[in-house]
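Subject: Two-chain model, handover and notes

Hello,

The model you asked about is below, with the sequence. My notes on what I found follow it.

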Amino acid sequence: MPIGGGSQLEDRRRRLIEQLQRMSDEQFAAVVRREQAARWRAMDLERHSRAHRRDFLDLLGRALTPGELEALSREVLHSWERVFNELEPSGNVSCVFVRSLPEPGSAMLVVTRGGRIRSTFPTRDFAGWQHRHPAAIEVTDRAKGLVR
Amino acid sequence: MPRDLSADVDLYAEMVQSLPLYRDREEVINLFVMREFIEKKLDRTPLAGAAIQQLERADTALTLHSTLLRQRFRDLFRSCRPSDVPRSYWWWYLDEGPQVREQARALAQRS
């Protein structure tokens with residue numbers, strides 16, 4: 001995948017690769033499991049379901065209540081198809097759990113950071129999302145071998 | 001049957017309206033990716049009059065959020081914008097101000 005050329009992005013990508021290489025499989029699995037157990041903050045959940053009402057309606061056929069959004073997030077965290085790590089500018093590592101949706105090219109993403117769910121949203125263009133995340137490292141194969 | 005581009009424009013317009021509720025960078029990136037998705041489709045699919053106007057209004061509304069974007073999502077522009085994003089995708093440069101849209105148009109007319 002093209003890096004995009006941004007030196008900060010390239011640097012973060014390189015540092016994350018080094019960080020992942022230094023981690024033992026046990027350490028890596030522990031991080032993935034911690035992020036799989038991530039939770040919403042109640043106030044974020046309420047806001048998020050309002051903010052993305054139309055996105056869900058568009059790709060799932062109906063808007064989601066906060067409770068349904070929480071359940072959907074949990075479902076994706078436990079039945080993901082792909083997972084990505086990204087070293088954030090703050091130095092924290094975020095995880096993005098991805099599950100494809102029936103419409104070609106679309107997917108549901110759950111973004112977690114430090115054991116918190118930051119966002120859950122559908123995208124019509126997952127390839128476009130990936131293209132605009134040159135610092136994200138796909139860790140699907142390693143994670144599948146360890147936490148499934 | 002392929003999805004009508006006007007449905008994508010409609011969704012984008014609603015996403016722009018919801019932008020003040022966004023708190024996480026990833027939500028904004030998803031909005032920008034959606035706008036890019038429409039732009040790429042526009043190259044090969046003509047848009048009907050009403051949808052053109054809706055896209056115009058939504059783009060204007062997005063430019064009006066440039067201060068909010070710069071203040072709330074500074075990292076997105078400083079550290080997360082890939083350097084290969086062309087200036088024609090002006091929404092990725094809204095941290096510089098709402099004029100980036102007009103600048104992109106002027107650039108397109110000159111070329």
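In the hairpin of β2(A) and β3(A), six residues lie between the strands, and A:Gly105 takes a positive phi near 85°. Before going further: this is a predicted model. The two strands of that hairpin pair in the antiparallel sense over seven bridges. One of the facing pairs puts A:Ser94 opposite A:Arg113 in β3(A).

The next hairpin, formed by β3(A) and β4(A), has two residues between its strands. Here A:Gly114 has the positive phi, near 60°. Seven bridges join β3(A) to β4(A), and the strands run antiparallel. A:Val110 faces A:Thr120 in β4(A), and A:Val111 has A:Ser119 of β4(A) as its bridge partner.

How much of β3(A) is buried? Seven of its seven residues are, so the strand is largely enclosed by the rest of the structure. In a regular strand the side chains alternate between the two faces of the sheet. In β3(A), A:Ala107, A:Leu109, A:Val111 and A:Arg113 point one way, while A:Met108, A:Val110 and A:Thr112 point the other way, and all are buried. Note that A:Arg113 is in that buried set; A:Ser94 is the residue opposite A:Arg113. β4(A) is mostly covered as well, with seven of its eight residues buried.

These strands belong to an open sheet of five, in the order β4-β3-β2-β1-β5 (chain A), with antiparallel pairing. β4 and β5 (137-138) of chain A are the edge strands, each pairing on one side only. At the β5(A) end, two bridges join β1(A) to β5(A), again antiparallel, and A:Asn85 stands opposite A:Ile137 in β5(A). The helix α1(A) lies across β1, β2 and β5 of chain A, at about 115° to β1(A).

Chain A as a whole comes to seven helices and five strands. Along the sequence the pattern is α-α-α-α-α-β-β-β-β-α-β-α. Its C-alpha trace spans about 40 × 30 × 30 Å along the principal axes. A compact globule of 148 residues would have a radius of gyration near 15 Å, and chain A agrees, with 15 Å. Of its 148 residues, 37% count as buried. Of the contacts in chain A with a separation of 6 or more, 54% are between residues 24 or more positions apart.

Chain B has six helices and zero strands, so to speak of a pattern there is only α-α-α-α-α-α. The C-alpha trace of chain B spans about 40 × 35 × 20 Å along its principal axes. For 111 residues a compact globule would have a radius of gyration near 13 Å; chain B has 14 Å, which agrees. In this chain 31% of the 111 residues count as buried. Among contacts in chain B between residues at least 6 apart in sequence, 69% join residues at least 24 apart.

Now the contact between the chains. Chain A puts 24 residues into the contact and chain B puts in 21 residues. On the side of chain A that touches chain B, the elements giving two or more residues are α1 (7-22), α3 (42-51), α4 (53-60), β4 (116-123) and α6 (126-131) of chain A. β4(A) gives the largest share of that side, four residues. By type, the residues on this side of chain A divide into eight nonpolar, seven polar and nine charged. β4(A) is thus listed twice in these notes: as an edge strand of the sheet and as a contributor to the side of chain A that touches chain B.

Last, the core. In soluble globular proteins, nonpolar side chains tend to be buried together. In this model the largest nonpolar core has 51 residues, and A:Val83 and A:Val96 have the most contacts inside it. Which elements give two or more residues to this core? From chain A they are β1 (82-87), β2 (93-100), β3 (107-113), β4 and α6, and from chain B they are α1 (5-18), α2 (25-42) and α3 (49-64). α2(B) gives the most, with eight residues.

Leaving aside residues up to four places away in sequence, A:Val83 touches A:Val32, A:Cys95, A:Val96, A:Phe97, A:Val98, A:Val139, A:Thr140 and A:Ala143. A:Val96, the other residue named for its contacts in the core, is in that list.

Regards

Conventions: Residues are numbered from 1 along each chain as its sequence is written. Chains are lettered from A and ligands numbered from 1 in the order in which they are written. This is a predicted model: local features need pLDDT of at least 70, side-chain atom pairs count only at pLDDT 80 or more; totals for chains, interfaces and linings use all residues. Two residues are in contact if their C-beta atoms, placed from the backbone, lie within 7 Å. Ala, Val, Leu, Ile, Met, Phe, Trp, Tyr, Cys and Pro count as nonpolar, Asp, Glu, Lys and Arg as charged, and the others, Gly among them, as polar. A nonpolar core is a set of buried Ala, Val, Leu, Ile, Met, Phe, Trp, Tyr and Cys residues joined through C-beta atoms within 7 Å. A residue is buried if 20 or more other C-beta atoms lie within 10 Å of its own, exposed if 12 or fewer, and partly exposed in between; C-beta atoms are placed from the backbone. The radius of gyration is taken over C-alpha atoms; the globule rule is 2.2 Å times the number of residues to the power 0.38. Two strands pair if DSSP finds at least two bridges between them. Axes are lines fitted to C-alpha atoms, for helices over the stretch in contact, and angles run from 0 to 180 degrees between N-to-C directions.
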